[in-house]
Amino acid sequence: TLFNTESDTTLYDVYGSVVFHPAIMGYNTHFEATLHYIDIDYDHGIDTLDGYNADLKAGFHTHTLTTLMALPVWAEFYVGAVLLDDDLSEIIGFDSAFSLGSSLHWKVGPMIHIFNDAFKDVDLSANLQGTASNSDYEGWKASLSFNIVKF
């Protein structure tokens, strides 16, 4: 019956990130760390929950592997981790999850003239990621992406 009533549950996610993009041995690499403070105030007098989690990711981009229609194709490989504090892990069911993934990118921006060449780094990508945690949480994710802007 709680799901059939109007909800006033609020969720606050305050976070900060650090991103570092050095070139190592001629490869474009990336290192990212994000720390979240999450506060959830459930309505109907259920409870409140707050805690911290950290997201970590490191990876690199290959050089151009080939060209397709005279536009470059390259790959990205990465590892990542999500680490939760005790309060959040009690609710979610795990306290750490680790991912390994790859993406195959094709730079298609120069073919799309509606952008008036403003977004030359637009790419299409095919992505595959495997994730496992310290509990029985594990799985695969496959996706296709159209990336308009990169930071």
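## A tour from the second pocket outward

Start with strand β6, which gives the most to the lining of the second largest pocket, contributing five residues. The model on screen is a predicted one.

**Stop 1: the pocket.** Select residues 71-84 to show β6. The second largest pocket, which this strand helps to line, has a volume of about 280 Å³. To find its centre, select D55, L56, G80, A81 and V82, the closest to that point of the 18 lining residues. Next, add the other strands that take part: β3 (27-41), β4, β7 (96-107) and β8 (123-133), each of which, like β6, supplies at least two residues of the lining. Colour the lining by residue type, and it divides into 10 nonpolar, five polar and three charged residues.

**Stop 2: strand β8.** Keep β8 selected and pick out L124, which lies in this strand. Is L124 buried or exposed? Neither word fits: its relative accessibility is 35%, so L124 counts as partly exposed. Now select S103 as well and draw a distance between the two C-alpha atoms. L124 and S103 are 21 residues apart in sequence, and the C-alpha distance in space is 9.8 Å.

**Stop 3: a nonpolar surface patch.** Switch to a surface view and select F20, I24, M25, Y27, F31, F60 and F77. These residues form a nonpolar patch on the surface, and their accessible area together is about 710 Å². Two members of the patch are worth picking separately.

Take F60, found in strand β4 (residues 48-61). With a relative accessibility of 34%, F60 counts as partly exposed because that value falls between 20% and 50%.

Then move to M25, which sits in the loop between β2 (23-24) and β3. M25 has a relative accessible area of 77%, so this residue is exposed.

**Stop 4: two positive phi angles.** Stay on M25 and display its backbone. Most residues other than glycine have a negative phi. M25 is not a glycine, yet its phi is positive, at about 50 degrees.

Where is A70? Look in the loop between β5 (66-68) and β6. A70, also not a glycine, has a positive phi of about 65 degrees. Its relative accessibility is 70%, so A70 counts as exposed.

From A70, the tour can return to its starting point: β6 runs over residues 71-84 and gives the most residues to the lining of the second largest pocket.

Note on methods. Residues are numbered from 1 along each chain as its sequence is written. This is a predicted model: local features need pLDDT of at least 70, side-chain atom pairs count only at pLDDT 80 or more; totals for chains, interfaces and linings use all residues. Side-chain values use heavy atoms; hydrogens and water are left out. Patches are made of residues with over 30% relative accessible area and no salt bridge: like charges are joined within 9 Å, nonpolar side chains (Val, Leu, Ile, Met, Phe, Trp, Tyr) within 5 Å. Accessible areas come from the Shrake-Rupley method with a 1.4 Å probe; for residues, only the protein chains shown count as cover. A salt bridge is a side-chain nitrogen of Lys or Arg within 4 Å of a carboxyl oxygen of Asp or Glu. Helices (H or I, at least four residues) and strands (E, at least two) are DSSP runs, numbered from the N terminus. Buried means under 20% relative accessible area, exposed over 50%, partly exposed in between (1.4 Å probe, protein chains only). On a 1 Å grid over the protein atoms alone, a cavity is a set of points where a 1.4 Å probe fits but cannot get out, and a pocket is an open set with protein on both sides within 12 Å along at least five of seven lines; lining residues have an atom within 4 Å of a point. Grid points are joined across faces, edges and corners, and a volume is the space filled by probe spheres set on the points. Ala, Val, Leu, Ile, Met, Phe, Trp, Tyr, Cys and Pro count as nonpolar, Asp, Glu, Lys and Arg as charged, and the others, Gly among them, as polar.
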